Structures are given as C-alpha cells and as structure tokens.
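Here's a quick briefing to go with the structure. Have a look at the view first, then work through the points by topic.

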There are 2 protein chains.
Amino acid sequence: MGRWEPDAAGRLLEAALELFSERGYEQTTVADIAQKAGVTERTFFRYYADKREVLFGGGTELEATVVASIAAAPSSAAPLEAVVAAISAIGLLLDERREFARRRAAVIASNASLQERELLKLAALSTAASSALRDRGAGAAEAALAAETGMALFKVSFERWVASPSARSIADYVKEAARELTALAAKL
Amino acid sequence: MGRWEPDAAGRLLEAALELFSERGYEQTTVADIAQKAGVTERTFFRYYADKREVLFGGGTELEATVVASIAAAPSSAAPLEAVVAAISAIGLLLDERREFARRRAAVIASNASLQERELLKLAALSTAASSALRDRGAGAAEAALAAETGMALFKVSFERWVASPSARSIADYVKEAARELTALAAKL
DNA sequence: ACACTCATGTCAGTAACTGACATCGAAGGG
DNA sequence: CCCTTCGATGTCAGTTACTGACATGAGTGT
C-alpha cells in the first residue's frame, strides 16, 4: 500500500464533477475540489493543467481511437465514410461510459468556458482525423473538409444523444445524421 | 470635445493587437495594453469582459449578417444554400477588413486560448444560423446540421484564405469548398 | 543502514478579474 | 453664471487561477 490514497487524478475528477454539478463550475474553487479529494491545490495542478482540464482527461484516448479507426478503414472507403466510422467508434466509447458522459455533458452545457475547451478538443480531433486521412492518400484540402464535416456530424449526433433519454447508441445518431447530410448536400 | 481621448475601446484593440503581435499573447499583460492605450486596467475590463475578448468585438455584427442573409435567401433556396450565402456574406465583410483580419488571425493562430474563444464565437454563429433556418421553416434537426456543416465550410475556407497570399475573396474559397463538399457527400 | 526516488506539501509570487467608491469635466436648467 | 446631474474614468482592496522553488517523508533497492 502506498503512502497516499491511490488514484489522486481519479478522485479529483470525481470530486470536481460532483461539485460542478451541485454548485456550478464558477462557484467551485480548485481549493474546494482538492479538499474534497484529500489533496492540496498544488497537487490538483500537477495532474491537470488548469481547472477546466479536469473534465477533459480522455482526449488522448479519443484521438487515438479516431486515428486508428481511420487507418483501419478499407482503402475502398471514401474519406467521409472513414470519418463517419471514426466518430461512430468514439460514440461506442462514450456508450460504455454513458452515465459519466451525460453528467459531464450537463456540466459543460452550463458553462461557456467549458464549452470553449470542449470545442478546442473537438478541433484537435478534427486535426488528427485530417492527418489520418492524408496518411491514407487523401489530398490536404479534401482531408480537412472531410474531417471538419465529420465533426459537424459528431456535434449534432452527440447533441441529440444527450437530449434524448433513450438508450440508443450514439453511433445510431451518427448514421442518421450522415443520411441527412447526404440529402442536404444533394440539394446544393 | 470630451474630457478624454475618444474611442477608448478602439485604442485598446489596436494596442492589444500590436502587443500580441510583437511579444505574444501570454507575454502581454492587460496592464500593458491599458497603458499603451492611455487608460487604466480597470477601464479595459469595462470595455472587454476579459483579456481575450478584445479581439472578438465584431461578433454581434457577424451574427446579424448571418441572420439577415439567411432570412433574405429566396424561399426556393435549400438550407445549405442559404447557409453558404450567409458565410459568403461574412467573407465579404472580412474582405473589407483584409489587413486587420489577417493580423488578427495570425495572433489567434499562435495561442490556444484565443483559438478556444474563436471556436466559441463560431459556435454562436452556428446557433444563430440554425435559428434563422428554423424561422424559414426548416426542421430543427435539418437546421442544426446545415448550420454546423456551414461552419465546417467556413473554417476550411477561412483557413485557405489565411494561408494564401493572393487577393481572392473568401467567398471564392467558400464556393470551392461547397463544391468539394458536394463531391464528398455524394460518395457517402 | 543508506541513498535515492517520487508523489505530495508548503509558501511566496504574478496576473486576471470584480465590487465599491471617488473624481471631475461636460451639459443642461434655472 | 452657478448648480446639479451624469457618465466615463480612476483608485483600491480583495479573490482566485496558476507557477516556481524548495522541503518532506514513506517506499525501494543495494
């Protein structure tokens, strides 16, 4: 057994999520979170670069999933197809953490600066997807556009998933949104 | 004549842009900006809600342009067509402030927290576009997807415009990206 | 027993932001 | 011409996010 309770980062995340949910993001200080997790404020900043980042720890994992998923797409798949597969894969990941993802989304929806951070993470995902598409032979312009469009699909799919109380998978919403996009673009 | 030099907000913006360009965003304090503009730090925060916001003053105008543009689209226009027209209108606005838009874009590109703010403003634009589409009779789902897709088009168009030294209008890049999107979506 | 590591604590400092109150030139009424 | 009011600004004290430097102390291997 260690000198300290294990998994300080996880305890900080749980403490933050609870406090943000109860009192709101701005009404919670980092000192509050640290105290609830049984560490000092300084330790919080050793695990998370800033107060918001505590809610965005899984970013690397998501990025890896996107990249792997695009790399694994059959070479016959069109760029948008590969991206749709990638964001469906992310959807499956979130399905596994259904409870957590919803709590987290509710907190983020209630605070603008958290939304900013979320959008930045999505943009990072888009950049990763674009790069992975280029590795598959797509042109730079095509890759960037397909990646951004994919993020648009993800945003609306995730929104619908959060808004709906049903147990449907995010991947379902993605499929649906992709069909709608085809229809919209056909009328352009 | 007033007691103070006129247009404090404008002076603050100009001071901020110069300092951010020279030293970088993080190496510039709000006190630096205020001093260069000839006011106190407190006055800065009376005009701008936070340090980043000084670069994002035109948001309301852009939003109004988008809403007006979508409202003005002929009822025969498909949702994505209306959105493409709206972001082309924004492009024309930026063309008018070419110089400023490029300096500003360079500063934003160099700092993550400024990128966050920019993404949030874009998201606000998307929400406004979605709402304007619904006012024209579009369904909620269709409107949200068309708006988000439009922002994807805008992002890649603006990126290409910034990267290119030519004098082409942003609207040209939007048109080009829209054509590419049609091709990508057709293969879905 | 000893040194060494590593997660944590302690502490002082900077800079972003906020609320409360003071100041003072201008503008308008009497 | 004075007086009042108003609006933009200044002053100041306080909170909180975040950082760097250094101290501590239990485990780990030798």
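Let's start with a helix pair in chain B: the axes of H6(B), residues 98-109, and H8(B), residues 140-163, come within 11 Å and cross at roughly 100°. Keep in mind that this is a predicted model. After that pair come the two DNA strands, an aromatic pair and the makeup of chain A.

**Helix packing in chain B**

- Two packed helices are described by the angle between their axes and the distance between the axes.
- Angles from 65 to 115 degrees count as roughly perpendicular, so H6(B) and H8(B) are roughly perpendicular to each other.
- On the H6(B) side, the residues that meet H8(B) are Arg98(B), Ala101(B), Arg102(B) and Ala105(B).
- Phe158(B), Trp161(B) and Val162(B) are their partners in H8(B).
- Sorted by character, the residues of this H6(B)–H8(B) contact come out as five nonpolar, no polar and two charged.

**Around DNA strand C**

- DNA strand C is surrounded by 20 residues, and the closest are Thr43(A), Arg46(A), Tyr47(A), Arg3(B) and Lys51(B).
- Of the atoms of DNA strand C that come within 4 Å of the protein, sugar and phosphate account for 60%.
- Which part of DNA strand C does the side chain of Thr40(A) sit 2.9 Å from? An N or O atom of that side chain is 2.9 Å from a phosphate oxygen.
- Arg46(A) goes to a base instead: one of its polar side-chain atoms lies 2.5 Å from a base oxygen of DNA strand C.
- Over in chain B, Val30(B) uses its backbone, with a polar atom there 3.4 Å from a phosphate oxygen of DNA strand C.
- The elements that give two or more residues to this surface are helix H3 (41-47) of chain A and helix H3 (41-47) of chain B.
- By character, the surface near DNA strand C has eight nonpolar, four polar and eight charged residues.

**Around DNA strand D**

- For DNA strand D there are 21 residues around the strand, and Arg3(A), Lys51(A), Thr43(B), Arg46(B) and Tyr47(B) come nearest.
- Sugar or phosphate makes up 60% of the atoms of DNA strand D within 4 Å of the protein, and the rest belong to bases.
- Arg42(A) has a polar side-chain atom 2.7 Å from a base oxygen of DNA strand D.
- A polar backbone atom of Lys51(A) is 2.5 Å from a phosphate oxygen of DNA strand D.
- Thr43(B) brings in its side chain, where an N or O atom is 2.6 Å from a phosphate oxygen of DNA strand D.
- H3 of chain A and H3 of chain B are the elements that give two or more residues to the surface near DNA strand D.
- That surface splits into eight nonpolar, four polar and nine charged residues.

**Aromatic pairs**

- Searching the whole structure turns up 10 aromatic pairs over all chains.
- One of them is Phe154(A) with Phe158(A), a stacked pair at 5.8 Å centre to centre with 20° between the planes.
- Where do Phe154(A) and Phe158(A) lie? Both are in helix H8 (residues 140-163) of chain A, four residues apart, which is about one turn of the helix.

**Chain A as a whole**

- Chain A has nine helices and zero strands, and from the N terminus on its elements run α-α-α-α-α-α-α-α-α.
- The C-alpha trace of chain A spans about 55 × 35 × 30 Å along its principal axes.

Note on methods:
Residues are numbered from 1 along each chain as its sequence is written. Chains are lettered from A and ligands numbered from 1 in the order in which they are written. This is a predicted model: local features need pLDDT of at least 70, side-chain atom pairs count only at pLDDT 80 or more; totals for chains, interfaces and linings use all residues. Side-chain values use heavy atoms; hydrogens and water are left out. Axes are lines fitted to C-alpha atoms, for helices over the stretch in contact, and angles run from 0 to 180 degrees between N-to-C directions. Angles under 35 degrees count as roughly parallel, over 145 as roughly antiparallel, 65 to 115 as roughly perpendicular and the rest as oblique. Contact means heavy atoms within 4.5 Å. Ala, Val, Leu, Ile, Met, Phe, Trp, Tyr, Cys and Pro count as nonpolar, Asp, Glu, Lys and Arg as charged, and the others, Gly among them, as polar. A residue is near a molecule or strand if one of its heavy atoms lies within 4 Å of it. A polar contact is a pair of N or O atoms within 3.5 Å; within protein, one must be able to donate a hydrogen and the other to accept it, and residues adjacent in sequence count only if both atoms are side-chain atoms. Rings of Phe, Tyr and Trp (its six-membered ring) pair if their centres lie within 6.5 Å; planes under 30 degrees apart count as stacked, over 60 as edge-to-face and the rest as tilted.
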